[in-house]
Amino acid sequence: GTSMIRTTLGRLLVDEQLPEDLRTPGRVLDKAGISKLFEEVADKHPDDYTAIAQRLSDVGRDVAFSTGGLSFGLKHLRPAASALKHRAALEREINAIDDDVTLTDDEQEKRIIAATEANAKAVETEIYDESLAEKNPLALQILSGTRGSRSNLKSLRGGDLLYTDHRDRIIPVPILRSYSEGLRPEEYFAGAFGARKGVLDTK
């Protein structure tokens, strides 16, 4: 008998542009998957590489035009629930450090930085996972390799957390609010140091 293959319209549109030997059921076309697909095209069909790449590009353009692609709105910029949870916990921890009269200013700053750094990776990962689960177009752009990074998403839906000054010293003022929410004055001034340093480093 014949077996049924489950697929999607998107996969059919992509497969239609590929030679038969590259039509792989279940292929995931995220950043890594797209890179692997083009490596296979170059390896197995080098003479047709340009034409295949053009056809796939046409499919992507047509689908983006007809569906709105990865367009996003204000609701996609709202603070992530995971970011708000981490923020509340970190604010409690920072308040406890600030209230500890046995610590010197230097010790307080070091503890605030350590507490913030300890949260950074978990916040970034959880915001990305939460956004993917919500099918947030910003996260889907990152998944596809089109644009952006997990760190960018953290800035948009969480916060930058820490900056360094022009001498590479960490500024002990955590940025706990996101760009979409707007920063508190002290966060803005700390961020201004980091942004300026980033521009100078790039130049």
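# Reading an all-helix chain

Visitor: How much of the contact set, at a separation of 6 or more, comes from residues 24 or more positions apart?

Guide: In the chain, 50% of the contacts with a separation of 6 or more link residues 24 or more positions apart. Please keep in mind that this is a predicted model.

Visitor: Thanks! Which elements does the chain have, and in what order do they run?

Guide: The chain contains eight helices and zero strands. Read from the N terminus, the order is α-α-α-α-α-α-α-α.

Visitor: How do I read the radius of gyration of the chain?

Guide: Set it beside the value for a compact globule with the same 203 residues. That reference is near 17 Å, whereas the chain comes out at 23 Å. The extents of the C-alpha trace add to the picture: about 75 × 40 × 30 Å along the principal axes.

Visitor: And what share of the residues is buried?

Guide: A residue counts as buried when its relative accessible area is under 20%. Of the 203 residues in the chain, 32% are buried. As for the surface, the accessible area is about 13,100 Å², and carbon and sulfur atoms hold 55% of that area.

Visitor: How many positive and negative side chains are there, and how far apart are the centres of the two sets?

Guide: There are 29 positive and 34 negative side chains in the chain. The centres of these two sets are separated by 3 Å.

Visitor: Let us go inside. Which residues make up the largest nonpolar core?

Guide: That core has 10 residues, among them Leu77, Ala80, Val123, Ile127 and Tyr128. Two helices, H5 (105-133) and H6 (137-144), each give at least two residues to this core. There is also a second, separate core of eight residues, including Leu90, Leu103, Ile112 and Ala115.

Visitor: Which residues does Tyr128 touch, apart from its neighbours within four places in sequence?

Guide: Tyr128 is in contact with Ala139, Ile142, Leu143, Arg150 and Leu153. Of the residues in that list, Ala139, Ile142 and Leu153 are also members of the largest nonpolar core, as is Tyr128.

Visitor: Ala139 makes me curious about the loop after H6. Where does Ser149 lie?

Guide: Ser149 sits in the loop between H6 and helix H7 (150-157). Its C-alpha is 8.4 Å from that of Ala139, and the two residues are 10 apart in sequence. Ser149 is called partly exposed because its relative accessible area is 27%, which falls between the 20% and 50% cut-offs.

Visitor: How should I read a positive phi?

Guide: Start from the general rule: most residues other than glycine have a negative phi. Leu161 is not a glycine, yet its phi is positive, about 75 degrees. Asp168, also a residue other than glycine, has a positive phi near 65 degrees.

Visitor: Where does Leu161 lie, and where is Asp168 found?

Guide: Leu161 is in the loop between H7 and helix H8 (185-202). Asp168 belongs to the loop between H7 and H8 as well.

Visitor: Is Leu161 buried or exposed, and is Asp168 buried or exposed?

Guide: Leu161 is buried, because its relative accessible area is 8%. Asp168 has 54%, so it is exposed.

Visitor: One last residue. How far is His166 from Phe193, C-alpha to C-alpha?

Guide: The C-alpha atoms of His166 and Phe193 are 7.2 Å apart, with their positions 27 residues apart along the chain. His166 lies in the loop between H7 and H8. At 52% relative accessibility, His166 is exposed, the cut-off being over 50%.

Technical notes
Residues are numbered from 1 along each chain as its sequence is written. This is a predicted model: local features need pLDDT of at least 70, side-chain atom pairs count only at pLDDT 80 or more; totals for chains, interfaces and linings use all residues. Side-chain values use heavy atoms; hydrogens and water are left out. Helices (H or I, at least four residues) and strands (E, at least two) are DSSP runs, numbered from the N terminus. The radius of gyration is taken over C-alpha atoms; the globule rule is 2.2 Å times the number of residues to the power 0.38. Buried means under 20% relative accessible area, exposed over 50%, partly exposed in between (1.4 Å probe, protein chains only). Contact means heavy atoms within 4.5 Å. Accessible areas come from the Shrake-Rupley method with a 1.4 Å probe; for residues, only the protein chains shown count as cover. Lys and Arg count as positive and Asp and Glu as negative; His and the chain ends are not counted. The place of a charge is taken as NZ of Lys, CZ of Arg, CG of Asp or CD of Glu. A nonpolar core is a set of buried Ala, Val, Leu, Ile, Met, Phe, Trp, Tyr and Cys residues joined through side-chain atoms within 4.5 Å.
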